[in-house]
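Please find below some notes on the model under review. They are set out as numbered points, to be read alongside the sequence and the coordinates.

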Amino acid sequence: MTVRTALTALFLCLPLHHLAAQDTVPPVEQGVRIGITYTPGLRPGLMVLGGPRIEIMDSIRAILSRDFDFSDRFEVISLPTGDSLVLGVSSAESQGVPRAEDQLFVNYSLHAALGADYAVAVLPTVEPFSTAVVLFDVRGETERGRFEIIGTDGSDDALRLSVHRVADEMVRLASGEPGYAASRVLFVSNGRLYRVDADGAQRTGVSDAGARTFSPTWDPTGARAIYTELYDGWGRIVVHDIVSDQKRTVPPTSELLNYTAAISPDGTLLAFSRSTEDGTDIYRYNLAQDCCLERLTVGRFSDNLSPTFSPDGRQLAFISTRAGGQQVYVMSADGTGQELFAPFDYGVTGNSNAPEWSPDGTQVAFHRDVMGSPQIFVMDVRSRVVRQLTSFGRNEDPTWAPDGRHLAFVSNRTRRRQVWVIDIESGRVRQLTTVGDARLPAWSRRIQVPVQP
Amino acid sequence: MKVKVTVFVGMAAMIVAAACGGGQPEVVTPAIDSTAIRDSIAREEARRRAYEDSVRRAREEEDRLRREREEAARREAAMTAEVRNMLATAINFDFDRSAIRDGRDMDVMQSKLAILQANGGLSIEIVGHCDERGSDEYNMALGMRRANAAKQWLVDRGIAENRIVVKSMGEEQPAAMGANEDAWAQNRRDEFTITAGGDQLVKPAGM
């Protein structure tokens with residue numbers, strides 16, 4: 001069986017047959033905590049245990065450790081290289097490589113003494129190309145969940161995505177909220193569009209090498225990238241299927257300058273900006289029916305651009321210069337009821353740009369000029385209170401991770417423009433990209449579709 | 001039958017004898033007139049010289065005309081190039097502004113207006129550009145506003161709208177690299193290019 005064949009039969013996040021252990025621990029639902037209770041700001045310890053030194057499993061352990069770390073919901077406990085702190089198995093099966101099917105012996109007290117609240121083991125199964133990942137609640141001394149991953153190549157797109165999905169599910173089991181590892185970020189570097197996994201690995205070109213791409217976004221499934229191709233001073237919006245690598249131009253955008261595409265949460269509507277002799281305004285097009293171009297704003301003496309859908313698809317936040325500078329406004333998805341969204345003091349508050357509505361709808365992120373440099377802000381939708389997240393260097397173009405807790409943004413804090421990620425609860429930042437002049441990031445929702453062969 | 005053949009042979013023999021002649025021809029040596037020969041040669045020489053002179057003059061005239069044509073074409077090309085350069089001169093903008101500035105930029109626009117007025121077949125494209133400091137996406141809109149500002153200024157002064165196309169490149173094509181005010185000032189600009197009717201351009205009077 002080839003890896004590819006095995007991957008086509010992949011069944012992700014499928015709990016294994018050790019249901020007896022899970023029976024003792026009811027499924028964790030949101031808002032219900034059993035065993036350790038996750039509290040923001042108090043991160044439980046998590047340890048990825050050593051085990052059989054099989055290359056694929058080492059890769060899986062490394063990916064899982066990074067995903068848990070980047071979730072910012074755990075204190076990932078690293079052990080010295082060559083550690084012997086591994087799973088034990090019962091005496092009857094203690095010979096040879098321990099397998100997931102063996103009666104596992106976890107030294108809960110030792111792991112607890114090392115500060116672990118959770119432990120994760122990666123083990124082979126009797127099935128070929130199959131690896132089991134097991135989550136243990138150290139304090140509760142119980143097994144919390146098992147997942148199977150099929151694949152043999154740690155650099156393989158499909159295997160990596162399935163490991164990310166397992167990590168996200170384990171984060172959900174341990175914290176009540178799923179992680180965001182099984183998602184991707186689009187960004188533009190020197191005109192070309194790339195995608196990268198949420199952990200910064202697997203950078204892959206999406207657009208042609210010679211293309212000049214601009215303002216990318218995702219469809220809700222993560223199957224398609226939507227972006228502008230600049231040509232001869234104009235820009236057409238293309239829908240690029242990541243799986244088949246096929247792309248098509250959205251018909252009414254084949255002429256003029258069209259950009260800042262946004263897709264409605266149900267994937268049917270495209271909102272975008274168009275710059276013409278009449279100014280820059282927001283339009284809406286029905287992608288599902290391939291019809292019905294509508295103009296939502298009529299600026300004439302002002303610019304309207306950068307639309308972003310609310311998660312329920314009923315509203316659009318956008319940028320308008322109707323009051324002079326650029327500020328964040330909101331309207332119904334049909335263009336009615338346009339009003340100021342993020343408050344500002346006229347003549348005092350800097351320009352605001354690049355709004356993006358959070359996945360849970362409670363916040364809108366954008367960047368705003370502060371003493372000549374853009375900084376990342378978030379606004380609470382209900383209270384309209386605005387909070388500044390960054391202050392060092394130029395920080396712009398924020399985009400939400402699927403967990404609604406992390407933002408990717410462009411920063412020149414290391415002199416070169418790169419995409420960084422910030423945890424808005426802890427303020428922790430990490431660099432996501434390392435290529436030249438990365439910009440215009442767009443974070444997908446959790447990838448829901450099979451990955452390409 | 002036999003009699004007819006005999007008569008025919010006899011007549012043929014007589015005809016052949018008459019054709020061959022009877023005796024030796026007389027040889028006559030004409031008198032040589034050397035003066036006439038010299039005159040004839042002189043006339044031929046004169047005609048030849050006259051012909052060569054006419055060819056030379058024709059060639060000289062042709063060369064002169066060619067030089068004049070070349071000179072005219074060179075002057076025309078120089079004028080077209082000069083007008084093209086004047087037309088291609090960029091105008092610049094203040095930060096986050098799209099208003100055409102008084103002074104040098106307004107003078108540049110006046111010259112473009114005169115050129116468009118003097119060359120009715122001329123069509124142009126105006127592309128607005130921005131420096132890197134604004135939002136990438138907003139800069140697309142700002143670039144379009146800058147291009148529109150120049151177009152509207154020309155249209156307000158009588159240039160037909162359909163002779164001018166506007167586009168924006170935002171901050172995507174900087175004219176100068178660098179993160180300093182000099183580079184930014186150069187990058188905040190409108191660029192003007194000819195899209196039709198630019199092969200032969202007339203320089204407006206007074207320029």
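1. In this predicted model, A:Gly176 comes directly after helix 5 of chain A and has a positive phi, near 95°. The helix that precedes A:Gly176 covers residues 157–175.

2. Helix 5 of chain A comprises 19 residues, and the distance from its first C-alpha to its last is 27 Å. That span is close to the 27 Å expected at 1.5 Å a residue.

3. As to its surroundings, helix 5 of chain A is largely enclosed by the rest of the structure, because 17 of its 19 residues are buried.

4. The largest nonpolar core holds 138 residues; those touching the most other members are A:Val120, A:Val185, A:Val364 and A:Ala408. Helix 5 of chain A supplies the largest share of this core, namely ten residues. In soluble globular proteins, nonpolar side chains tend to be buried together.

5. Which residues does A:Val120 touch, not counting those up to four places away in sequence? They are A:Leu46, A:Val48, A:Leu49, A:Leu64, A:Val133, A:Val134, A:Leu135 and A:Met170.

6. The contact between the chains draws 22 residues from chain A and 16 residues from chain B. On the side of chain A that touches chain B, the elements giving two or more residues are strands 11, 15, 19, 23, 27 and 31 of chain A. Strand 15 of chain A gives the most, with three residues. By class, this side of chain A has eight nonpolar, eight polar and six charged residues.

Terms used
Residues are numbered from 1 along each chain as its sequence is written. Chains are lettered from A and ligands numbered from 1 in the order in which they are written. This is a predicted model: local features need pLDDT of at least 70, side-chain atom pairs count only at pLDDT 80 or more; totals for chains, interfaces and linings use all residues. Helices (H or I, at least four residues) and strands (E, at least two) are DSSP runs, numbered from the N terminus. The expected span of a helix is 1.5 Å times one less than its number of residues. A residue is buried if 20 or more other C-beta atoms lie within 10 Å of its own, exposed if 12 or fewer, and partly exposed in between; C-beta atoms are placed from the backbone. A nonpolar core is a set of buried Ala, Val, Leu, Ile, Met, Phe, Trp, Tyr and Cys residues joined through C-beta atoms within 7 Å. Two residues are in contact if their C-beta atoms, placed from the backbone, lie within 7 Å. Ala, Val, Leu, Ile, Met, Phe, Trp, Tyr, Cys and Pro count as nonpolar, Asp, Glu, Lys and Arg as charged, and the others, Gly among them, as polar.
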